[in-house]
Amino acid sequence: MKIESFGAAEIVTGSCHRIKTKNSTFLVDCGMFQGKNEEKNYDDMGFDATEIEFILITHGHLDHVGRLPLIYKNGFRGIIYATKETIDIAKVVLYDAANLMQEDYITRHKKALRRGEKATKPLYEPKDVRNMFRDIEFVEVKYNKKIKLAKNIQAVFKDAGHILGSAMIKLTIKEGSKKIITFSGDLGNKHNDILHAPATIKKTDYLFCESTYGDRNHRVFKESIKEFRKEIISTLSNNGNVIIPSFAIERTQEVLCALKDMYKEGVLPKGTQVFLDSPMAIKATNVYVKYHKSLSSKCNKYLKKDGHIFEFDLLKYTTKVEQSKKINEVQHKAIIIAGSGMCNGGRVLHHLKNRIWDPKNTVIFVGYQAEGTLGRKIVNGEKWINIYNEEIIVQSKIVTINGFSAHADQNELLEWIKPMKNSLKAIFLIHGEKEKQKIFKQKIIERFNIKTHIVEPKEVIGV
């Protein structure tokens, strides 16, 4: 059998891995490239979409599902397997992506016409997303249940603890001999208030392992919460405002939970207002509430006691553009949670434009910032940034708190690999920046003495 990665090879985003057996051809994930690699979304996918019989989805983040409507447009009519939570999240993510691309195209098209040029059309439109969910069969998968995908191919989805419904996928394929191949998906940070820790896998022959934070360890979660509280209280007490660029799924819910704890304890300064200024994050939060039984005991205690998990008196949801603009009128003690998490689009750009030049404000980053994104530039200390063609000085305090990360760190990845060490023939590193993968590869070899390889784009791996 042959495995080829058409994304998330030597980079973090664009997850798309094709498996070809003697009788079947299928994908694990079909995600979108983000950050400096966004232009790759417009390249040929590298394979014939009509030959793909089915797709297994690890979770609903854009970099794992974002090209599903594109492969549908290219002729895919097979089956998509995912947890029911992932399917619901994918609907939110894909409609949001399609709407943003369409809005962006309208703006670029007008500008191009004035230059006598043509703008590149969006990858897909909302109607393509709608048609895909209408025409494609989505099969809901339960954790830890064997499913037969094709002759001699079985899969088991296990809880990856990354976002709601996320999964690692263990494939058992018989081609003469039986081979077990596991795709980690994105493994979650076991220290969080929302989800359960990643499941354990004890036996696999080959592991395709994510390596986003393979080069480092996060701060202890309790210390991260402590720093988060300190920065918020300090900024608000000095009549400043806090901007939190946040991913709509998982990170936003963790931030809301942390702020609700502060509210309950009465430590937020008097006059504080909290805004969740992201229609997508609001929809995603509703999906989390819908599947509350999959969440932690803490979340379910809040639900039982308060009638809701994430809401509290100081929190306002702003779905409409007019509501978002009104936040600009709030001069002091505003906590603004807005997307996108990497500051490469969304409403957070307006808030940064209006507030990042002011020294009394603080911007708190709580998630990974891909290369080429505005978020990465800010985190790296650039003093001038460009937002909507305007050069703006960065004078607000910039804080990065990695303990909120939805990804496992180096130690957690190594501990997750440990139970598999006696059965593993090889580890293949995906979903990571190459320099970080080199560090992680060396750690794996030092710890376990297992053959470890960094997967190159479109490299054909025979197992």
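Two strands are taken as paired if DSSP finds at least two bridges between them. In this predicted model, strand β13, which spans residues 273–277, is joined to β14 by three bridges, and the two run parallel. One residue of β13 can be placed explicitly in this register, since the bridge partner of Val-274 in β14 is Leu-315.

The pair belongs to an open sheet of six strands, arranged in the order β14-β13-β15-β12-β16-β19 with parallel pairing. Strands β14 (315–317) and β19 (397–400) stand at the edges and have a single partner strand each, so one side of each is left without a neighbour in the sheet. On average, neighbouring strands of the sheet are turned by 20° against each other, direction ignored. Helix α6 (residues 251–265) packs on this sheet, where it touches β12 (242–245), β13, β14 and β15 (334–338), and its direction makes about 160° with that of β15. Helix α10 (residues 348–355), in turn, lies across β12, β13, β15 and β16 (362–365) and runs at about 150° to β12.

A further packing arrangement involves helix α3 (residues 84–114) and helix α4 (residues 126–135), which pack at an angle of about 155° with their axes 8 Å apart. Because angles over 145 degrees count as roughly antiparallel, α3 and α4 are therefore roughly antiparallel to each other. From α3 the contact draws on Ile-87, Ala-90, Lys-91, Leu-94, Tyr-95, Ala-98, Asn-99 and Gln-102, and from α4 on Pro-126, Val-129, Arg-130, Met-132 and Phe-133. The residues of this contact of α3 with α4 divide into nine nonpolar, two polar and two charged.

Key: Residues numbered from 1 in each chain as written. Predicted model: local features only at pLDDT ≥ 70, side-chain atom pairs only at ≥ 80, totals over all residues. Heavy atoms only, no water. Helix = DSSP H or I, 4+ residues; strand = E, 2+ residues; numbered from the N terminus. Axes fitted to C-alpha atoms, helices over the stretch in contact; angles between N-to-C directions. Contact = heavy atoms within 4.5 Å. Parallel < 35°, antiparallel > 145°, perpendicular 65-115°, else oblique. Nonpolar A, V, L, I, M, F, W, Y, C, P; charged D, E, K, R; others polar.
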